[in-house]
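Visitor: Could you take me on a close look at a single part of this model, and then follow its surroundings outward? I would enjoy one connected account.

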Amino acid sequence: MITVLSGGVGAARLLRALSDVIAPSQITAVVNVGDDMVLHGLSICPDLDTITYTLAGLNNDELGWGLTGETWRVMNELEALGGEAWFRLGDRDLATHLYRTQRLADGATKTAVALELALRHGVAVRLLPVTNDTVTTEFVTAEGRLSFQEYFVRRHHDVVVRSIEFVGAERASATPEVLDALREASRIVIAPSNPLISIDPILQIPGVREIVRTRRDDVVAVSPLIGGEALKGPAARLLGELGFEVSAVGVVDVYQGLVGTWIIDEADAELAERIRHRGARVEITTTVMAEADNARRLATVVLS
Ligand code: FO1
């Protein structure tokens, strides 16, 4: 069994590639909940849903989020009413949020709902939110405090960030399933997700970082930066704004003391020596997963 610390798109692609190489039932994803929010009274979990949809083959590749074949009748009506429509919830996607919201109101945990949605979509990878408690990522910016989705979607991550806070993290508990999955995995993988806003909120839940640290020899991380840039999202910009080097080495510094083996892209081969100096093994391969062959090769390196 392997356990993968996961954000959204990058993690979903790696999980899909890993599922091509080993049985999906042997994979557990421990998923970030810091992007989750309540909007229109609905409970929305973007990273869990992106992974579920991607593994079900239903992800909207054009948008990078939401469902394929989506329509927008409800959003368009809402917009016409003058309602909040900057965060676009497609007609099909809305069913997921309605389902989750009702199940949570019935007393089900976020973990139970994630497993139910995965089962209904035929996803055999075990998807576990890191906690059932409410933890929300917030940005202290040059223009005041912003919620995750206000920063990410409404402001297109185009505002200077001074610090990031994970509100509720220190009081939250990792679920027993998550703690077991971290202790018992033959390998812990850190997906090529944003280190500061997708993986750090997982590591901030009490107990998680400590287990990962004690398992360092079995921890493999894939760099989300290639040639100093992220394929998608604000990882590079945030690293720079928060004082890290804008390169795979900066990502290594974020995870100081946690990772035994780094997988970096061929474009960053020249950084390998500096990463080895920081005490980790380094593997070099293509980390871009756009083509199935490359994705499978990366998955094989992660597992080897
Ligand atoms: N991202 C956007 O850029 N615009 C949207 O309107 C949007 C809506 C949305 C709805 C449901 C969902 O699960 C995700 C959605 N996302 C949207 C993506 C998402 O908010 C971010 O990409 C992640 O939170 C960052 O990992």
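Guide: Let's start with helix H7, bearing in mind that this is a predicted model. The residues buried in H7 are Val178, Leu179, Ala181 and Leu182. Because they span an arc of only 160° around the axis, these residues lie on the same side of H7. On the face turned away from that buried side you will find Pro176 and Glu184, which are exposed.

What does the buried side of H7 rest on? Its buried residues pack against strands S1 (2–6), S2 (27–31), S5 and S9 (187–190), and also against helix H9 (208–214).

H7 (176–184) leads us on to helix H5, since H7 is among the elements covering the buried residues of H5. Others in that cover include helix H2 (46–55), helix H4 (91–105) and strand S5 (126–129). H5 itself runs over residues 110–120, and its buried residues are Lys110, Thr111, Val113, Ala114, Glu116, Leu117 and Ala118. Glu116 deserves a second glance: besides being buried, Glu116 belongs to a network with Arg103 and Asp106, joined by salt bridges that share partners. Just past the end of H5, Gly122 adopts a positive phi of about 70°.

Now to a sheet. Three strands form an open sheet in the order S7-S6-S8, and the pairing is antiparallel. S7 (144–147) and S8 (161–167) are the edge strands, each pairing on one side only. From one strand to the next, the twist averages 25°. S6 (residues 136–141) and S8 are joined by six bridges, and in S8 it is Ile164 that serves as bridge partner to Phe139. Helix H8 (residues 195–203) packs on this sheet, where H8 touches S6 and S8 and its direction makes about 25° with that of S8.

Phe139 also takes us to the aromatic side chains, as it forms one cluster with Phe148, Tyr151 and Phe152. Within that cluster, Phe148 and Phe152 make a stacked pair, 5.3 Å centre to centre with 15° between the planes. The two are four residues apart in helix H6 (residues 148–154), so about one helical turn separates them. Are these two rings buried or exposed? Phe148 is buried, at a relative accessible area of 5%, whereas Phe152 is partly exposed at 24%.

Beyond H6, the loop between H6 and S8 holds Asp158, while Arg237 lies in helix H10 (residues 235–241). The side chains of Arg237 and Asp158 form a salt bridge with an N to O distance of 2.9 Å; the pair therefore ties together parts that are 79 residues apart in sequence. Asp158 counts as exposed at 54% relative accessibility, and Arg237 as partly exposed at 30%.

Arg237 has another salt bridge, this one to Glu241, at 2.7 Å from N to O. Here the partners are four residues apart in H10, so they are separated by about one helical turn. Glu241 is partly exposed, with a relative accessible area of 25%. In total, the structure holds 17 salt bridges.

How values were computed:
Residues are numbered from 1 along each chain as its sequence is written. This is a predicted model: local features need pLDDT of at least 70, side-chain atom pairs count only at pLDDT 80 or more; totals for chains, interfaces and linings use all residues. Side-chain values use heavy atoms; hydrogens and water are left out. Buried means under 20% relative accessible area, exposed over 50%, partly exposed in between (1.4 Å probe, protein chains only). Contact means heavy atoms within 4.5 Å. The arc is that of the directions from the helix axis to the C-beta atoms. Two strands pair if DSSP finds at least two bridges between them. Axes are lines fitted to C-alpha atoms, for helices over the stretch in contact, and angles run from 0 to 180 degrees between N-to-C directions. Rings of Phe, Tyr and Trp (its six-membered ring) pair if their centres lie within 6.5 Å; planes under 30 degrees apart count as stacked, over 60 as edge-to-face and the rest as tilted. A salt bridge is a side-chain nitrogen of Lys or Arg within 4 Å of a carboxyl oxygen of Asp or Glu.
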